[in-house]
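These are my notes on the structure you sent, set out as numbered points. They begin with the contact between the chains and end with a single residue.

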Amino acid sequence: MYEEPYRWVEAVGNRRTYLDEQFRQGSPVVALGYDGGLLLTTVSKGTSKLYEIYDRIALGGMGHPADLEKLRFTLLEMAHTEGFNRSPSDVTGSRLVKYGIAPVIKQAFEEVYKAPFIVRILLAELGQKPEKDTLLTINYDGTFEELKEYAVLAATKQAQARMQEYLKAQKPSPCALEQGLLLALRTWAIGSLAHQQDSAESPVDGGPEASRETVASIPDQAALLAHLREVLADKMLECAVLERQQVGSSKYRALKPAELARLLPGDVQAVVNR
Amino acid sequence: MGMQGDFFQLLKEQGYQFGQPTAAGSGVDLPSATTILAFKYRDGVLVAGDRRATAGNMVMYDRTDKVLEIDRHSVLAIAGVPATAYEMVRILEHSFKYYRRTQLQELSFEGKLRAVSKLLKENVAAALAGTGAVVPVFAGYDFEQGAAKIFFYDILGAEFEGVEYAVSGSGSPTIRGILHYVNTWGERPLAVMTEEEATIQALRLLTSAAEFDSATGGVNRESNLYPIIKLITQEGVRVVPDDRLKPLFESKVVRHA
């Protein structure tokens with residue numbers, strides 16, 4: 001069936017449509033740099049979506065939990081054996097992605113007889129100096145991007161673009177953890193609302209035409225937080241940091257609800273305490 | 001496989017070899033590290049070691065750190081062949097991290113003890129061949145029990161709890177007796193000593209070990225060389241800095257005629 005090249009191209013195209021559809025219910029992931037390190041935020045239901053990979057590397061993911069687990073283990077194995085056989089400073093996000101999981105994801109995506117990985121992955125790497133901090137995103141087809149300052153994962157391209165625009169416009173420099181956290185929550189809500197809109201307006205991916213109108217109107221903070229409150233009624237806010245000042249070699253730390261509440265202003269605390 | 005969160009197993013699957021005996025080693029003077037001690041004091045456990053590494057009659061190195069941190073709440077103090085001991089510590093450090101990151105929970109204190117024991121068992125052949133004997137003391141904070149604990153091992157990997165204290169290395173017979181004496185008939189038992197009292201005891205014990213054991217390095221004031229002393233409490237592992245040891249040594253250890 002796929003012997004002819006155009007058949008294969010068609011099959012890969014179908015695969016994109018299928019995969020895009022799989023992310024519709026997914027929760028966005030926001031990562032950004034703050035003055036003490038890097039912050040990752042998402043909202044999850046049951047299973048966690050933020051993980052520690054190595055001393056200075058954290059992972060945020062979207063997609064199928066089993067696929068995410070498989071790739072997480074691949075990353076953990078690579079990072080730890082490399083860190084042991086060479087040195088922890090030779091374990092970098094860039095190497096893990098470029099020579100590690102990106103080729104694996106791409107191969108699975110293009111082998112149309114086999115199941116692809118239903119994942120989007122974000123790797124945050126805390127550099128020895130703030131200017132070396134790196135954020136990497138990998139899509140389900142194996143394409144990856146290396147970013148600074150902030151990065152997001154979202155269900156659709158439109159939602160992703162809206163979150164990035166929002167971060168670009170709103171992110172202060174320098175940015176304290178309190179500011180960063182609040183901004184990350186608002187950005188998450190922007191992405192989540194965009195998913196809802198995209199789904200409502202274009203049940204089968206209507207393209208940029210359908211959502212162009214809504215790009216301009218960014219909801220205000222109250223509306224964003226109201227959305228967050230609504231979502232968190234049956235879901236869980238997840239935040240983790242890679243802290244430069246953390247004692248010892250492991251820099252990853254998940255923020256507990258009590259700490260989150262302390263970091264957020266009074267009117268937002270209710271969102272977390274749900 | 002990886003799902004067990006066993007890093008040592010993963011290494012072995014990739015062809016890593018640990019504890020291989022080397023027949024040619026028996027005639028060579030191997031480096032070894034010498035006096036380590038651990039005892040419980042009021043706030044937790046104190047672990048200390050001298051700084052000397054020797055090979056036969058030769059002093060190899062005078063700045064050895066024999067009290068190695070494996071994670072925020074545990075240390076392995078080493079006596080024996082440093083090459084093997086350092087490798088063990090590297091394996092343990094990565095194993096504990098790997099377990100936590102894959103299984104999404106800390107390895108239990110008992111699990112950590114087993115990991116040390118397992119490595120020693122793997123090392124038996126090398127230890128008996130004379131190329132890699134290590135006799136460590138493991139100390140850490142056990143969160144399940146809410147207490148800092150001490151364990152010591154033999155070269156075959158058997159583990160014993162040091163209820164009050166544990167010692168290892170060539171200088172240990174000297175200080176074992178002193179620890180027993182101080183703890184039984186001293187003014188205050190070790191377990192109620194403050195951090196400062198415990199630190200003074202550790203300095204005195206290591207100085208005594210250096211007095212009678214040529215392979216144990218004493219304090220070298222000219223070079224500003226003091227023993228390594230680490231404290232384990234609920235908050236984690238903390239190093240007693242040299243600028244704290246120096247005045248204590250001057251005022252409480254040096255004998256003024």
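1. What area is buried between chain B and chain A, and what percentage of it do carbon and sulfur atoms give? In this predicted model, the buried area is about 1,700 Å², and carbon and sulfur atoms give 59% of it. Chain B brings 20 residues to the contact and chain A brings 17 residues.

2. On the polar side of the contact, there are four salt bridges between chain B and chain A. One of the four pairs B:Arg101 with A:Glu52; the closest N and O atoms of B:Arg101 and A:Glu52 are 3.0 Å apart. Residue pairs in polar contact between chain B and chain A number 13, with both residues at pLDDT 80 or more.

3. Which elements of chain B supply the side that touches chain A? At least two residues each come from α1 (7–13) and α2 (82–103) of chain B. The most comes from α2(B), with eleven residues. Sorted by class, this side of chain B has eight nonpolar residues, five polar residues and seven charged residues.

4. Turning to the rings, the structure has twelve aromatic pairs over all chains. In one of them, B:Phe7 and B:Tyr98 have ring centres 5.6 Å apart and ring planes at 50°; the pair is therefore tilted, since stacked would need planes under 30 degrees apart and edge-to-face over 60. The pair links distant parts of the chain, with B:Phe7 in helix α1 of chain B and B:Tyr98 in helix α2 of chain B, 91 residues apart.

5. Are B:Phe7 and B:Tyr98 buried or exposed? B:Phe7 has a relative accessible area of 1% and is buried. B:Tyr98 is buried as well, at 0%. Both residues belong to one aromatic cluster that also holds B:Tyr16 and, from chain A, A:Phe84.

6. A last point concerns A:Gly33, which is part of strand β1 (residues 29–34) of chain A. Why does A:Gly33 count as buried? Its relative accessibility is 15%, and A:Gly33 is buried because the cut-off is under 20%. Leaving aside residues up to four places away in sequence, A:Gly33 touches A:Leu38, A:Glu149, A:Lys171 and A:Cys175. By contrast, A:Arg16 is 17 residues from A:Gly33 in sequence and 31 Å from it in space, C-alpha to C-alpha.

Methods
Residues numbered from 1 in each chain as written. Chains lettered and ligands numbered in written order. Predicted model: local features only at pLDDT ≥ 70, side-chain atom pairs only at ≥ 80, totals over all residues. Heavy atoms only, no water. Contact = heavy atoms within 4.5 Å. Buried area = accessible area lost by both parts, 1.4 Å probe. Salt bridge = Lys/Arg side-chain N within 4 Å of Asp/Glu carboxyl O. Polar contact = N/O pair within 3.5 Å; in protein donor to acceptor, adjacent residues only side chain to side chain. Helix = DSSP H or I, 4+ residues; strand = E, 2+ residues; numbered from the N terminus. Nonpolar A, V, L, I, M, F, W, Y, C, P; charged D, E, K, R; others polar. Phe/Tyr/Trp six-rings, centres within 6.5 Å; stacked < 30°, edge-to-face > 60°. Buried < 20%, exposed > 50% of the residue type's maximum accessible area, 1.4 Å probe, protein only.
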